[in-house]
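Got the viewer open? Keep the selection box handy and follow along stop by stop.

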Amino acid sequence: MNDEIEITLEEFLKLPKGSYILIDMRSETSYEQGHIEGAVLANDDVSSGKDKRLIFYCQYGIESLQTAAYFRKCGFRAYSLKGGYMQWLKKQSDVFDVEELERYDRQITLAQIGLTGQLRLKNSAVLIIGAGGLGCPCGMYLAAAGVGRIGIIDHDEVCLSNMNRQVAHRETGLNKAQSLKNTLVGINDKIQVTAYPERFGTDNAAKLLDGYDFVIDCTDTAETKFMVNDLCVRYDKPYCYGGVIGFEGQVMTVIPHETACLRCIFEEPPTGCETCESHGIIGAAAGMIGCIQALEAIKFITSSAKLLTDKIFIFDMLTMKTRTAKFGGISSRCSICQNMH
Ligand SMILES: [Zn+2]
């Protein structure tokens with residue numbers, strides 16, 4: 001090995017174990033979330049390493065170069081790992097290219113996501129039913145997060161009165177599923193997006209749900225929401241219910257046969273429900289709820305936290321009060337859940 005201050009990953013991997021001390025200069029959180037095998041944190045005592053090579057690495061191999069130079073001045077045989085942790089990570093997982101690793105860097109850094117979580121997101125498929133006020137923000141954040149495959153169902157066309165909340169649409173007259181698809185592909189060209197310009201229902205549910213890991217109900221009427229609930233339970237698809245009207249929104253996640261479904265709680269769709277058309281809706285409120293639905297999907301896929309199961313999260317965005325109504329699991333009287341056993 002020559003005495004260049006930068007050492008390549010290939011050169012490093014050839015070094016005999018025990019001939020060096022590998023020092024991770026990143027934060028403790030980043031280290032805990034993932035580090036090169038055998039590395040110690042920078043604040044650990046390395047004074048015993050006078051007779052060994054000190055190999056420093058940071059995220060991209062930039063800060064570590066300065067540190068190695070400093071240690072050389074102090075008489076150590078110090079080196080900086082070229083390309084840093086990201087170079088090593090890439091070698092570990094060739095499923096991500098360098099651009100993807102940079103694109104998702106700020107979430108890979110999170111202990112709750114990490115490279116494992118990012119890989120799960122990449123290998124997952126989420127189906128969004130309804131490309132409106134909830135579906136637009138939800139889809140945009142799922143695309144940005146790197147969900148590998150996104151499906152969008154909507155039979156409707158974009159009209160001008162949608163535009164205050166359906167923020168992914170750019171022009172009227174286009175099919176909403178196609179229009180949202182165009183925006184998602186523009187946000188992230190590393191993912192696959194499929195538009196289904198049709199109405200979701202009993203006749204096509206099996207075909208449309210097939211191959212998706214998680215479903216997001218972004219529809220806008222009580223009747224449709226109960227139908228989505230019933231079909232997701234019947235076809236065993238975990239899904240997230242969301243609803244918003246005026247300044248108020250609700251979210252609940254259903255894991256079929258494990259947690260309460262919408263019908264366990266309400267039995268029948270309420271009659272005489274207001275709609276966005278009759279009551280009105282503020283776009284940012286739909287955005288909040290759509291984002292919470294995207295979070296539920298991300299958390300489900302990466303198994304990183306507790307979901308809104310057996311409870312309905314209610315957010316009054318006029319008073320900024322939130323509450324969570326808890327329920328006792330699957331109801332023995334639920335016509336949908338009990339039919340399945
Ligand atoms: Zn039920």
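Start with a helix pair: H8 passes H14 in a right-handed crossing. To see it, select residues 135-145 for helix H8 and residues 283-302 for H14. Keep in mind throughout that this is a predicted model. The axes of H8 and H14 are 7 Å apart and make an angle of about 40°, which makes H8 oblique to H14.

Now show side chains where the two helices meet. On the H8 side, pick Gly-135, Cys-136, Pro-137, Cys-138, Tyr-141, Leu-142 and Ala-145. On the H14 side, pick Gly-287, Gly-290, Cys-291, Gln-293, Ala-294, Ala-297 and Ile-298. Colour that contact by class and you get ten nonpolar residues, four polar ones and no charged ones.

**A second partner for H14**

Leave H14 selected and add residues 114-122, which is helix H7. At what angle do the axes of H7 and H14 cross? Roughly 110°, with the axes coming within 9 Å of each other. That makes H7 roughly perpendicular to H14. This crossing, too, is right-handed. The residues to click are Gly-117, Arg-120 and Leu-121 on H7, and Ile-298, Ile-301 and Thr-302 on H14. By class, the contact of H7 with H14 holds three nonpolar residues, two polar and one charged.

**The eight-stranded sheet**

Switch to cartoon view and look for an open sheet of eight strands. Its order is S8-S7-S6-S9-S10-S11-S12-S13, and the pairing is mixed. At the edges, pairing on one side only, are S8 (192-196) and S13 (321-326). From one strand to the next the twist averages 15°.

Which helices should you put back on screen with the sheet? One is H9, residues 176-187, which packs on the sheet and touches S7 (149-153) and S8. The direction of H9 makes about 170° with that of S8. Another is H14, which lies across S6 (125-129), S9 (214-217), S10, S11 and S12 (311-316). H14 runs at about 170° to S10.

Zoom in on S10 (residues 239-245) and S11 (residues 248-254): they run antiparallel and are joined by seven bridges. For a landmark, click Val-244, which stands opposite Gly-249 in S11.

Next, go to the S13 edge. S12 and S13 also run antiparallel, with six bridges between them. One of the matched positions is Lys-311, whose bridge partner in S13 is Lys-326. The two strands form a hairpin with four residues between them, and in the turn Met-320 has a positive phi of about 65°. Is S13 enclosed or in the open? None of the six residues of S13 is buried, so the strand lies largely in the open.

**Two aspartates with positive phi**

Select Asp-236, in the loop between H11 (222-234) and S10. Asp-236 isn't a glycine, yet its phi is positive, about 60°. Asp-236 has 11 C-beta neighbours inside 10 Å, so it counts as exposed.

Then jump to Asp-310, in the loop between H14 and S12. Phi of Asp-310 is near 55°, again a positive value in a residue other than glycine. Here, though, 20 other C-beta atoms lie within 10 Å, and Asp-310 is buried.

**A buried strand elsewhere**

Now select residues 53-57, strand S4. Four of its five residues are buried, so S4 is largely enclosed by the rest of the structure. Add S2 (residues 20-24), which pairs with S4 in the parallel sense over five bridges. Then add S5 (residues 77-81), which also runs parallel to S4 and is joined to it by four bridges.

Phe-56 of S4 is a handy residue to centre on: Ile-23 stands opposite it, and Ser-80 is its bridge partner in S5.

**Zoom out**

Finish with the whole chain, which has 15 helices and 13 strands. The C-alpha trace spans about 80 × 45 × 40 Å along its principal axes. Of the 341 residues, 42% are buried. Among contacts with a separation of 6 or more, 68% come from residues 24 or more positions apart.

Terms used. Residues are numbered from 1 along each chain as its sequence is written. This is a predicted model: local features need pLDDT of at least 70, side-chain atom pairs count only at pLDDT 80 or more; totals for chains, interfaces and linings use all residues. Axes are lines fitted to C-alpha atoms, for helices over the stretch in contact, and angles run from 0 to 180 degrees between N-to-C directions. Angles under 35 degrees count as roughly parallel, over 145 as roughly antiparallel, 65 to 115 as roughly perpendicular and the rest as oblique. A crossing is left-handed if the near helix is turned anticlockwise from the far one by less than a right angle, and right-handed if clockwise. Two residues are in contact if their C-beta atoms, placed from the backbone, lie within 7 Å. Ala, Val, Leu, Ile, Met, Phe, Trp, Tyr, Cys and Pro count as nonpolar, Asp, Glu, Lys and Arg as charged, and the others, Gly among them, as polar. A residue is buried if 20 or more other C-beta atoms lie within 10 Å of its own, exposed if 12 or fewer, and partly exposed in between; C-beta atoms are placed from the backbone. Two strands pair if DSSP finds at least two bridges between them.
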